[in-house]
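User: I am beginning to study protein structures and would like a close look at one part of this one. Please explain each term as it arises.

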Amino acid sequence: MAGRGQPRNATRRASSSSSAPPPRKFQSNSHRNVKPSTSDVPIQETPHNFRNNNPNSGNRRRGYKGPDIDEDDVRNLPSLVGTCPFMCPVEERETRERLRDLAVFERLNGDPSKSSPSLAVKKFCRTISIKNVQTSDLRPLPVLEQTLDYLFNLLHSTKRPFEVVHDFLFDRTRSIRQDLSMQNCSGDRVISMYERMVKFHIMSHHELRRCSDPNISSMLHLNMEQLKKALTTLFDLYEANRTSKFIHKNETEFHACYVLLHLRSECQGDSLCLWFRQVPLKIMKSKEMCFARRMLRYFRLGNYKRFIHTAESDASYLQYCIIEPYISEVRELAISSLNHGGYKLQPFPLADLSKLLMMKEWDMESFFRDYGLQILTDEEGNRCLFSKQTLRVSPKDTLQKCYPLDSERFERAIVEL
């Protein structure tokens, strides 16, 4: 019975709360056991809402048991080594042929009920029991490497729209991560595979924004969710395979990517500071991390000129793929500042704004129209932006139109997977 000063439903609340991304380059090398990252083996998966993004949870680094797997199940997991020699288990392929559940890339001569071992790729399974899984359903590490090579070759060997290719690779790479986790795979070869998959998601984050599919917002959200999960597992693998003060070849690059992915994270400044404390000193002093921290500082301070120009001069193409959406936000801040702080009788020439915002002039006119700003011609015939106009600002959740940086460095750049 609740006390006199206690609300009636306090006991009920207490009890309920207590129960609770061209040619691809790749090389690889060793294989040993560590505990699986459960973000890749969801038993009954539910939306995570980016809950893995909080770097304040130090248990993400070593021996973390995710919310989808019971701790006793992880402790009692048998040591599994897959025996399936194909990209897709025979039984699954035959079942999907019978159900006509074949992606366009898996159909033999376009037949939706016919496939082959060289085309079918194992699908991601949302509900799976690790205790009952058969080794014949799991692909060993060499087969998983070959499968990943095959999938990434599709990126530049097909003429289908990118969103169609992405949708197929999104599911099949997730299945690869699931098989790796079930077999407790680790080592340099697995790290290389995860690095390639993280790059794929970063490249997709960049390319999807240029697609016209009506479901792009949803695809971007899901891609970002899997990007952060794969990156978390990659960090776990770095730690599990670390010897003394050894830093893996690409480790600094992916730690910098983590920072760039969290430029906008509201109410996570303290968490990011705590995450920095866990990063080895060698990584913190690296060129990549120094760049990421500069970009973080410029973005948080609203220094739009330095943010844009540092991105153009110092960012790798992989980093630019992450930064590009933030550049749109920074440009919005720039035109808002110029529009409200400028003198009405002294308009801004488009040629000067083009250099400041690093945009082609024809992109700038479209960009200003998106915000309801008019471009007028002055007495000398120059196209100018007059200040003190009414600025139409789109909601933060709205997917903004993408205007690339006017940079020769990025025009022909590619992400090598």
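With which residue does the side chain of Glu 92 meet in a salt bridge?

Analyst: This is a predicted model, in which local features need pLDDT of at least 70 and side-chain atom pairs count only at pLDDT 80 or more, while totals for chains, interfaces and linings use all residues. Residues are numbered from 1 along each chain as its sequence is written, and side-chain values use heavy atoms, with hydrogens and water left out.

The side chain of Glu 92 meets that of Arg 96 in a salt bridge, with an N to O distance of 3.1 Å. A salt bridge is a side-chain nitrogen of Lys or Arg within 4 Å of a carboxyl oxygen of Asp or Glu. Side chains of opposite charge can pair when their charged atoms come close. Both residues belong to helix 3 (residues 90-98), where they stand 4 residues apart, so about one helical turn separates them. Helices (H or I, at least four residues) and strands (E, at least two) are DSSP runs, numbered from the N terminus.

Arg 96 is buried, its relative accessible area being 5%. Buried means under 20% relative accessible area, exposed means over 50%, and partly exposed lies in between, with a 1.4 Å probe and protein chains only.

The pair also belongs to a wider arrangement. Through salt bridges that share partners, Glu 92, Arg 96, Glu 106, Asp 171 and Arg 172 are joined into one network. The structure as a whole holds 17 salt bridges.

Lys 360 offers a further example, since this residue takes part in two of these pairs. Its closest approach to Asp 406, from N to O, is 3.1 Å. Lys 360 lies in the loop between helix 14 and helix 15 (361-370), whereas Asp 406 lies in the loop between strand 5 (383-385) and helix 16; the pair therefore ties together parts that are 46 residues apart in sequence. Lys 360 is partly exposed at 24% relative accessibility, and Asp 406 is likewise partly exposed at 34%.

The other partner of Lys 360 is Glu 411, with the closest N and O atoms 3.5 Å apart. Because Glu 411 lies in helix 16, this pair connects parts that are 51 residues apart in sequence. Glu 411 is also partly exposed, with a relative accessibility of 47%.
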